[in-house]
Amino acid sequence: MKSIAAFIGSVLIATGVLANDMAPDVLIKSVSSEVLEIVRTDKDIRSGDAKKAMDLVEKKIAPNFDFLHMTRLALGRDWRQANAEQQKALANEFQILLVRTYSRALTEYKNQTIDIKPLSLKTGETDAKVRSEIKQPGAQSIQLDYYLQKSNAGWKIYDIEIAGISLVTNYRESFAREVRTSGIDGLIKSLQTKNRSGDTVAIKK
């Protein structure tokens, strides 16, 4: 399977700034046109301007993700081995890694379109799965599902499934292997090294 960036380029930039009083599917759909238009018309981003792409990710995408929850899920039972300081460091480095990945996704945008499926959300539900489909010119469509949880801060994304493969689960194996080999501090150092080098992690099928 191709890299995360190749698969989620158009979908991740469609999350935008989410509001508290709208259903998750409506939120994602309502902001997609605005953000996609930015990328369509921004020649710098489409030409590979990493800094500009990263600025857009920081402003429009990152605020809609619960990176602490994502990191906790990605670590699984190993999360309990980390103290509060280590947990904070892990979440911070994981966020940087994902922001870099999403930034790369913006520069790889190739006129994909997104079809957000309607969501039936019951009153009082605080967990939702929003289904969507990436349609690519001259290529097969890709199924992508968002997992969101509602808190006092509003709806936040805590996992994404790309063609049935969980983003969080995809990282779990490599994280667990690093913890077994080098411990929690070793994983933090590994993430720091990846972030300094600009590496991203591919989803494997």
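This report describes the fold, the sheet, one helix pair and a few single residues of a predicted model.

**Overall make-up**

The protein has 7 helices and 5 strands. From the N terminus, the elements run α-α-α-α-α-α-β-β-β-β-β-α. Six helices thus precede the strands, and a helix closes the chain order. Of the 205 residues, 47% are buried. Contacts with a separation of 6 or more were also sorted by distance along the chain: 62% of them join residues 24 or more positions apart. The exposed surface comes to about 10300 Å². Carbon and sulfur atoms supply 47% of that surface.

**The sheet**

The 5 strands form an open sheet. Their order is β1-β2-β3-β4-β5, and the pairing is antiparallel. Two strands sit at the edges, β1 (113–116) and β5 (165–166). Each of these pairs on one side only.

How many bridges join β1 to β2? There are 4, and β2 covers residues 127–135. Two of the facing positions can be named. Asp115 stands opposite Glu133 in β2. Ile116 has Ser132 of β2 as its bridge partner.

In a regular strand, side chains alternate between the two faces of the sheet. Strand β1 has one covered face and one uncovered face. Ile114 and Ile116 belong to the covered face. Thr113 and Asp115 belong to the uncovered face. Asp115, the residue opposite Glu133, is therefore on the uncovered face, while Ile116 is on the covered one.

**Helix α5 and its neighbours**

Two packed helices are described by the angle between their axes and the distance between the axes. Helix α5 (residues 67–75) packs against helix α7 (residues 167–197) at an angle of about 75°. The axes are 7 Å apart. Angles of 65 to 115 degrees count as roughly perpendicular, so α5 and α7 are roughly perpendicular to each other.

From α5, the contact uses Met70, Leu73, Ala74 and Leu75. From α7, it uses Leu167, Val168, Tyr171, Arg172, Phe175, Val179, Ile184 and Leu187. By class, the contact has 11 nonpolar residues, no polar ones and 1 charged one.

Which residues of α5 are buried? They are Phe67, His69, Met70, Thr71, Ala74 and Leu75. Met70, Ala74 and Leu75 are buried and also take part in the contact with α7. The buried residues of α5 pack against α7, and also against α6 (84–107), β3 (142–151) and β4 (154–162). After α5 comes Gly76, with a positive phi near 60°.

**Single residues**

Most residues other than glycine have a negative phi. Ala163 has a positive phi of about 50° although it is not a glycine. Ala163 lies in the loop between β4 and β5.

Lys43 lies in helix α3 (residues 43–46). Lys43 and Thr107 are 64 residues apart in sequence. In space, their C-alpha atoms are 9.6 Å apart.

How do Ala163 and Lys43 rank by exposure? Exposed means over 50% relative accessible area, and buried means under 20%. Ala163 falls in between, so it is partly exposed. Lys43 is over the upper limit, so it counts as exposed.

| Residue | Location | Relative accessible area |
|---|---|---|
| Ala163 | loop between β4 and β5 | 35%, partly exposed |
| Lys43 | helix α3 (residues 43–46) | 69%, exposed |

Conventions: Residues are numbered from 1 along each chain as its sequence is written. This is a predicted model: local features need pLDDT of at least 70, side-chain atom pairs count only at pLDDT 80 or more; totals for chains, interfaces and linings use all residues. Side-chain values use heavy atoms; hydrogens and water are left out. Two strands pair if DSSP finds at least two bridges between them. Buried means under 20% relative accessible area, exposed over 50%, partly exposed in between (1.4 Å probe, protein chains only). Axes are lines fitted to C-alpha atoms, for helices over the stretch in contact, and angles run from 0 to 180 degrees between N-to-C directions. Angles under 35 degrees count as roughly parallel, over 145 as roughly antiparallel, 65 to 115 as roughly perpendicular and the rest as oblique. Contact means heavy atoms within 4.5 Å. Ala, Val, Leu, Ile, Met, Phe, Trp, Tyr, Cys and Pro count as nonpolar, Asp, Glu, Lys and Arg as charged, and the others, Gly among them, as polar. Accessible areas come from the Shrake-Rupley method with a 1.4 Å probe; for residues, only the protein chains shown count as cover.
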